[in-house]
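Please look over the sequence and the structure shown below before reading on. The report that follows takes up a few local features in turn, for a reader who has not met this structure before.

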Amino acid sequence: MRLFIALTVAAFVLLATGCGGSSAPGGAAEVVPGDAAFYAVVDTDFEGGQLDAVQELASRFPDGEDLLGRIVQEIESESGEELDFEQDVDPALGPEVALVVLAPEPNAGDDGTVVVLTQPDDEEALQRLIEKGDEPAVSRAVGDWHAISEDDAALDRYEAALEGGRLADSDRFEEAMDGLDEDVLVTLYGDLQRAQDAAETESNGQPDPFDAFFLGGEAPVFGGTARAEGDGARLDGQLVYSEDVEDTPFSVEPYDAELPDRVPGDVLAYLSFNDLERAISAYRDAIAETDPNVERGLGMAEGFLGVSLEEDIAPLFTSEGALYVRRGALIPEVTLVTEVEDEQQALGTLDDLVAGLGTFVGSGDPERRDVDGVEVREVPISGPVTLGYAAFDGLLVVTTSTDGIADLRAEEDRLADDEAFEDALDRAGVPGETSGFAYVDLEETLPLLFGFAELGLGETSEAQRYTEPLTSVVVWGEQDGSTQSFSLFVGIE
């Protein structure tokens, strides 16, 4: 909906420029149907500290002080008509701009109903903004709010849904929002149960994927928030299940990552995980239950390769593992490391897998050579690029560069002691135990990517200029009882 785009962008303009009113965030939930599939609200209460944080972060980017002018131009281009921000946009918005999506009605043949909610300072200004849009839209007063949608039928359905209860009184909404910060820019809510119900309607008797992946076939609810902070931007989210997370295929037992103490410190990106064997088996069982053809196809592939996903490959991931990227001579080095109990058995599994794949691609037998006292098996991939694998010190290592094996065996310059890595995890608030985390050093990675891009796309200096303030990205997850949560933090200097 272009109208929603214009209103939402305008709301962010207000955040960035200090215009707007003030009220307690989340009030729109009072006029949102309790069975809404999705709800998003931009808070434009400028009495709190979020305004200062947004403006300060914006000023670190090129042309950040002119953010208002450029976004107004975007609104004007979306509307197709000239708009005056102070006369047409600002008074048409209130303390919140919310988007509500109602799931499709059974056998109705529609894609659902979308409604925008706001409390305009000037109702006439709101009407003028709607009329200037390039797509039809209507509005209707609902209590102290104005609901906007594509036609009267959509608003009729929205008001009828309100008779069944309000989101603010919903237990599922309360569970989804429980524990999340309230002083935020954006609040998100999603009821995946509504998507499940729609899938059941459209399945025509086919197996319902929700039944396989979610305990009792009941999907979780999602709650999320986005906020600006002094040194970056944060997105927090959580899924709340009807039962304990440990009973779902998505469960990952929290662990204290130890591999950063063994991995080289000059990584560009690092992904930490633990006990993927359980997830691999659970996903395979769930997919097989949903679509037996997938199970048959996987069985045929295992027969051709001579290895079993569940019996041979999955056991390689019973403990902690990591996938990381470092600079390389020609291309970046990509290395996979997993902790294994039986090194020879792990090598045997990879030998069988390489032999099975070799019958299809004609790669031949791996070449064996010594690297820092370790026998490494190398398989040619393309041109000078090879894939090497070895097992030593309780680790199974697969890498695109054998130099990575020598550096992995070294004792100095470990990732856990890298200043950029430590600082990024500290600013992101990563706890000692997680369900997994990922880290990207943007200060080092972005220039490298732009360098590769220039080989095929040409000049990228303008893009580099606009990304210079970005320092890192960190994402991590936790689980506790029936709740599975995650946080994503983007560092900005």
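The model is a predicted one. On its surface, L271, L323 and V334 form a nonpolar patch, and together these residues have about 200 Å² of accessible area. One of them, L323, belongs to strand 10, which covers residues 320-326. L323 counts as partly exposed because its relative accessible area is 36%, in between the limits of 20% for buried and 50% for exposed.

Strand 10 also leads to the salt bridges, of which the model has 19. R326 pairs with D407 in this way, with the closest N and O atoms 2.7 Å apart. This contact links distant parts of the chain, since R326 lies in strand 10 and D407 in helix 14 (residues 403-409), 81 residues apart. R326 is buried, with a relative accessible area of 5%, whereas D407 is partly exposed at 30% relative accessibility.

Further salt bridges can be set beside this one.

| Salt bridge | Closest N to O distance |
|---|---|
| R326 and D407 | 2.7 Å |
| R368 and E375 | 3.4 Å |
| E378 and R369 | 2.8 Å |

In the pair of R368 and E375, the acidic partner E375 is partly exposed, with a relative accessible area of 42%. In the pair of E378 and R369, E378 is buried, with a relative accessible area of 12%, while R369 is partly exposed, with a relative accessible area of 34%. Elsewhere, R140, D152, D156 and E159 are joined into one network by salt bridges that share partners.

The strands come next, and strand 18 (residues 483-492) can be followed on both counts of its pairing described here. It runs antiparallel to strand 8 (residues 232-240), to which nine bridges join it, and within this pairing Q238 has S485 as its bridge partner. Strand 18 also pairs with strand 17 (residues 470-480), again in the antiparallel sense, over 10 bridges, and there V474 stands opposite F489. Strand 17 and strand 18 make a hairpin with two residues between the strands, in which G481 takes a positive phi near 65 degrees. A positive phi is found as well at G306, near 85 degrees, where that residue follows helix 11. Helix 11 itself (residues 292-305) has 14 residues and reaches 20 Å from its first C-alpha to its last, close to the 20 Å expected at 1.5 Å a residue.

How many aromatic pairs are there in the model? The count comes to nine. In one of them, the rings of F222 and F486 have their centres 6.5 Å apart and their planes at 15 degrees, so this pair is stacked. It links distant parts of the chain, with F222 in strand 7 (residues 221-229) and F486 in strand 18, 264 residues apart. F486 is partly exposed, with a relative accessible area of 30%.

F421 and Y439 form an aromatic pair that is edge-to-face, with 5.1 Å from centre to centre and 85 degrees between the planes. Here too distant parts of the chain are linked, as F421 lies in helix 15 (residues 419-428) and Y439 in strand 16 (residues 436-441), 18 residues apart. Are these two residues buried or exposed? F421 is buried, with a relative accessible area of 4%, and Y439 also counts as buried, at 2% relative accessibility. Both residues belong to one aromatic cluster, which is formed by Y270, Y324, F421, F437 and Y439.

Methods: Residues are numbered from 1 along each chain as its sequence is written. This is a predicted model: local features need pLDDT of at least 70, side-chain atom pairs count only at pLDDT 80 or more; totals for chains, interfaces and linings use all residues. Side-chain values use heavy atoms; hydrogens and water are left out. Two strands pair if DSSP finds at least two bridges between them. Helices (H or I, at least four residues) and strands (E, at least two) are DSSP runs, numbered from the N terminus. Patches are made of residues with over 30% relative accessible area and no salt bridge: like charges are joined within 9 Å, nonpolar side chains (Val, Leu, Ile, Met, Phe, Trp, Tyr) within 5 Å. Accessible areas come from the Shrake-Rupley method with a 1.4 Å probe; for residues, only the protein chains shown count as cover. A salt bridge is a side-chain nitrogen of Lys or Arg within 4 Å of a carboxyl oxygen of Asp or Glu. Buried means under 20% relative accessible area, exposed over 50%, partly exposed in between (1.4 Å probe, protein chains only). The expected span of a helix is 1.5 Å times one less than its number of residues. Rings of Phe, Tyr and Trp (its six-membered ring) pair if their centres lie within 6.5 Å; planes under 30 degrees apart count as stacked, over 60 as edge-to-face and the rest as tilted.
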